[in-house]
Structures are given as C-alpha cells and as structure tokens.
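Please look over the sequence and the model below. A short report on selected strands, one helix, one loop residue and some ring pairs comes after them.

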Amino acid sequence: MATVLSRALKLPGKKSADLGEYDPLTQADSDESEDDLVLNLQKNGGVKNGKSTLEEIQDPDSDVEVEVTKQRLSESAPDGYPAEVTGSLEQKAASSLMPYLRTAVFLLTMVISMILVLVCAFLIPCPPRDLHNTWNCNLGQEAGGALFPLELSDVNGDELPDVLLSFTALRNSSVLGVSTPSVTVMALSGVNGSTLWSDHIPEETRSVQCKGLTLAAPAEPVCLVTGTSKFLSLLHASSGKAIWTLNPAHLPSGTLAAPAVLLPDLDGDRVGDLMVLAIGETQPDLCFILLSGKTGNPLGGPVKYSINGEGKLIGPQAHITSQGAIYILFGFGNIQAVALRDIFAQARNRDSFPPVLQREEPDWEKRRSVNLSELIDIYSGGVEFLQMVTAADTNCSDLLITTKHSLTLLRGQDLEPRWTLELQDIHSQPAPGYFTADQTLDFLVQAQSRDNMKKVLVVDGKSGVLIWSYEFPSHMQESDALSVMTLERKSVFLFWADEIQPALQNLEPGLRKERPGLHHLYLLHPTFPTLLLDLTNITDTVTASAIGINDLQKDAFYITMATSPTSENQPGLLSASKLGLRWAMLTQSRMVLLTETTPKITRGEVRRFFSRLKFINFPHKF
C-alpha cells in the first residue's frame, strides 16, 4: 500500500534495499549529494573527455579525491559559512571597490595634468608676441653728424629684431648750461622702443654692423662700431660693453674712410677677421690694414696703394668668386679690385697663405694691366653705388653698378656685362626685389625727372628693360626705397613721395586736399601694379630706414629715423619710429588707383589679398 501511494504521489526519496519503502532521512542525504554534484558540475565545466562530472564523481576511484577537496574547502571557509558563499562575498566586495578605484585614478590623472599645465604656463617662457604696431622714440635735438643705414639685429634674445643706431644730439653741459654735441650709440627694443642700452663714444659714427659677425668665441651676438676718424670697437650686443677697441696708434697718418670689411679667418684662431681702409688727409694714398677679429690687433703692417680717380669713395667690399677667390673692390668714382692674397702677402711679408687664400680666379687675373699691376680695373666713370647681387644661375654674386645716368649689371664670374640701362638723374641706391615671376632679382630705381618731381621705375633684372614706372611729386631728398619678400617669393616695395590723388574719384569718397610738405609712405605689390597703398604720412624728413621681420608671426615692420622741420634758430628733434606693415595695410592704409582697369579692382578684393600676405627674411645677401 505504501509503495502504491509513493508512486501515485511521485515523492522523491530513496527506496530501501530490502523493503522498497520511502525513507525520509535518506531523502535529506540525497538532496545534499545532489547539490554537491550540481556544484561540482558547474565548477568543473560540465562534460570533460566525453564524460559528465557526475559520472566522474560516481567513479569509485575518485571518491578519495572528492573527500579531500571537500575537507580543504571546509577548513578554509569560516565557521558557519560554506566555501561557495565566502567566494561570492569576496567577489561582491571587490566589485564594489572598482568604482572607487576608477574615480581615484581619474582624479589623480587630472591633478597631474593640471600641475603640468601650470608648470608650462609659469616656468616655461612663451615666445614673445609683437603687440606694439607703432611706437615713437624721441632722441633729442639733433646736432648734425654722419648718417648711416639703421642696423636691425636681435640683441636681447627675444627672437625679434632690435634697432641699433647712432646719432649726434645736443646735451646740456654743467658749465653755464651750454649745450654741447654728444655722440651716442643706442639699442632700442624692436617690440616697444624702450632703451636696451646706450653708450657715448668719442667721435661720430660711420656704421654699426651686427649681422654676419663671427668675431667672438663662442659665437655670441656682437656689434662692430666704426667711427669717422680713428674709432673702431667691438661691443657685446646684449649690453654695449666693449670687447676690444682699436688703438689709434695703428692709424698714424690717416683716418678710417669706410666701414670695416668682414673677412674669413686669416690667422688660424677660428674667429673671423677684419680689414679697414684708411686714407690720408692730403694725399690720395689708400692704406689697407688687416685686423684680428678676436683682439683688434693688426695682422702685419699697413699695405698702401696709390689710385687715380675723382668722385665718391666706393667700397671697400669683399667679393668671392665661384672658385672661392676673394677680391677687395674699391675706388674713387671708379671700381678697382685687388686680391686679398696680395694684401695678405704684403702685410705679413711672406708668400705662404692660409687655406682660404690659396685660390685664384683666372677670369679676373687676366684683366690685370700689362705691367702686371696688382690692381684690376672693373669700371670707370662716375660710379655712385656698388651692390653685390646674388645671381640665379651661379653661386657667384653679380655686380650692380649705378651712376648718375645708367644702371649696369656685370657677371661676377668674368665681369662681362649682362645689360646696361640708360637713365637720367638717379639719386638713390636701387632696391633689389622680386617683381616678376622668373626668380631673378629686379630693381626699383628712383630718378629725378624735373623740379619737385621724381620717377619711380622697376627694372627687369634678367633683361634690363623697364617693366613699371610712375611719376610722383616729391620734396624729400634722397630717401632710399626698400623691399621685403613674401612667402610667395614676391616682394613688396616701399618708397616715399608726396601725396597723389587716386585716378578714380569714386573709389575714395573722402578725398583729402593736397598738403605740401606732407610725405607719404607708399607700398607697391607686383600683383596690383595699377594701384598703391598709402600706409602713413609725416612732415619730418626721413634720414634712414630699415625693415625687420617677425619670424613668429610672419609679419614685417618699418623703422625710420627722422628729423623734424627746423626753425631759424632752433635745431630740429631727432626721433625713431616703428610701423607694423600688416597692421598699417589693414587698418589705416588708403588705396590709390594709378590707372583705370577692367574689370575694376574693389577695396574688398585688395583687402582680402593683403590680409593673407606673410613676410619672410630675404634669402639672398646683396
């Protein structure tokens, strides 16, 4: 009857081996063994080698291993808790800590990043930005004196060119309040015009040279100051302190006639050397003196030459041929050349030469006169300017010779003329730049056309023909034109002239009346040859000018040195000023249309074009 009821109710449990009856106590053991089997099945991954875990446990040979495993788990588990529950609690605890660990790592990363940003912001200096588009520095009352081109060079290490100048101004003397002339050499910051350093020197200055100097070891920025009489000194560019000064006893019978010529190392001390030209007061004899760039002491005795010629002193300038031979070009109204090796041989009284002087140029040597004179005739007749111009087809510079009435370009290799252009009344040095697209230097020339009028012309450097010209009213005398190159390898040209009215009145609605005595700075770009940009205007007389490049911003700035109009009894004021070119082009320039074009050029088109201009340093030395 019990068996029938068990089958009918389908009660779980085990049957007795003898009686076949239901045993509830045996049912409990059966439940526990089934749980163990299920747990082992889950832990062991189900089926292995074709057998289930249940079958492995039921294997009589594995009974001992199963018992040992259970015993170890029971020993490792805390009292009252099975091993399975303990592992589950540890997993839950570890998973609950993970968000806190992730948050801590994130916050730590953020703190480290903020510390690095603060270090970069406060400890690492950022490149300076040229935020001063204009500045003006008053230098005092002028007292005449020699004028020379401005020198731009970075002397304070801020990666922006600074302004080096020298001038003669009146200073109040302590005796009876009398003003006396004083010569000052000064460095102004290119950023804001502040004085970096200044020093007084005993005589008027002929030049200040800083670019390309290798006269200090190790290579540090230095400047060479040449006076008009016997003063020559090498200065630290950063402070103005003298490194050495030429002893006047080395110039017993003459005065310095021109800026010093920079030469390669001649005495083997790994420092570039110098050569100066001295001229007697009552005789036309010229005297060359070689000087050590390291100490300023002479490298041998003076070398004298007697030359014939009348006119302006030309040079001296060093010219290096394609063979590496070095010649010194000089003259009075003409141009002659002498090999540097000849000067060195006479100064040192020996025939052995340093490696840099062991080369000769056959095309130059064959031009020596019949009596084998050391002087080589290059050009004769009214020379006003001599410029070294890098040629596009050779590694040797060409020679651009300017007279009052002509412009001639000679090949630097063999001195044969490339071209000659006849002009009238050239009154300033030509400005080299890229006007055409043939990558050959062209030249902007200023020539006097008639009273208070001048012609501005652009000469093609490859053929020597005129490619642009215009006549301007002008009352400013001998103001040099300048050029600056853009990233597209074209140049913009800058020159001074009086005010001109645009050709089309409707392009400039608020035209100003002509004001005599007001000088305007004009900008010419070869992309728009029919118009000019009027950048600024002044009433002062410009005595010197230069262009600096801000490499970081690809911008340029224009530096002028000017004197104010003088009254009958009072000297004028001397000043230096800066004008940022991009700022001037976009904010205060006035478009002046020279001729009408089809289609018409709009102000928006011009503004968009000039806003994209980027200025770079000129890659060629001339």
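The report starts with conventions, then moves through strands, a helix, a loop residue and aromatic pairs.

## Conventions

This is a predicted model: local features need pLDDT of at least 70, side-chain atom pairs count only at pLDDT 80 or more, and totals for chains, interfaces and linings use all residues. Residues are numbered from 1 along each chain as its sequence is written, and side-chain values use heavy atoms, with hydrogens and water left out.

Helices (H or I, at least four residues) and strands (E, at least two) are DSSP runs, numbered from the N terminus. Two strands pair if DSSP finds at least two bridges between them. Buried means under 20% relative accessible area, exposed over 50%, and partly exposed in between (1.4 Å probe, protein chains only).

## An open sheet of four strands

The strands β23, β24, β25 and β26 make an open sheet, in the order β23-β24-β25-β26, with antiparallel pairing. β23 (383-390) and β26 (417-422) are the edge strands; each has a single partner, so one side of each lacks a neighbour in the sheet. On average, neighbouring strands here are turned by 15° against each other, direction ignored. That angle is taken between axes, which are lines fitted to C-alpha atoms, for helices over the stretch in contact; angles run from 0 to 180 degrees between N-to-C directions.

Inside the sheet, β24 (residues 397-403) and β25 (residues 406-410) run antiparallel and share four bridges. L399 has L410 in β25 as its bridge partner.

## Two covered strands

Strand β11 (residues 222-227) is mostly covered, with six of its six residues buried. V222, L224 and T226 point one way, C223, V225 and G227 the other, and all are buried. This fits a general pattern: in a regular strand the side chains alternate between the two faces of the sheet.

Strand β21 gives a second case. Six of its six residues are buried, so β21 is largely enclosed by the rest of the structure. N334, Q336 and V338 cover one side and I335, A337 and A339 the other.

Both strands have antiparallel partners. The table lists them.

| Strand pair | Bridges | Example of opposite residues |
|---|---|---|
| β10 (residues 205-209) and β11 | four | S207 and T226 |
| β11 and β12 (residues 232-236) | five | V225 and S233 |
| β20 and β21 | four | I328 and V338 |
| β21 and β22 (residues 376-380) | four | N334 and S380 |

Two of these pairs are hairpins. β11 joins β12 through four residues. The hairpin of β20 and β21 has one residue between the strands, and G333 takes a positive phi near 75° there.

## Helix α6

Helix α6 (residues 340-348) is mostly covered: seven of its nine residues are buried. They are L340, R341, D342, I343, F344, A345 and A347. These residues pack against several strands, including β15 (261-263), β16 (273-279), β20 (326-332) and β21 (334-339). Contact means heavy atoms within 4.5 Å. N349 follows α6 and has a positive phi, near 55°.

## A buried aspartate

D460 lies in the loop between β29 (453-459) and β30 (466-473). Which side chain of opposite charge is nearest to D460? That is K462, 7.6 Å away; D460 is buried yet has no salt bridge. A salt bridge is a side-chain nitrogen of Lys or Arg within 4 Å of a carboxyl oxygen of Asp or Glu. Lys and Arg count as positive and Asp and Glu as negative; His and the chain ends are not counted. Leaving aside neighbours within four places in sequence, D460 is in contact with residues including W419, D438, D442 and I467.

## Aromatic pairs

The structure holds 14 aromatic pairs. Rings of Phe, Tyr and Trp (its six-membered ring) pair if their centres lie within 6.5 Å; planes under 30 degrees apart count as stacked, over 60 as edge-to-face and the rest as tilted.

F288 and F330 have ring centres 5.1 Å apart and planes at 75°, so this pair is edge-to-face. F288 sits in β17 and F330 in β20, 42 residues apart. Both are buried.

F495 and Y522 form a tilted pair, 6.1 Å centre to centre with 35° between the planes. F495 is in β32 (residues 491-498) and Y522 in β33 (residues 519-524), 27 residues apart. F495 counts as buried at 0% relative accessibility. Y522 is buried too, with a relative accessible area of 0%. Ring pairs link Y470, F472, F495 and Y522 into a cluster.
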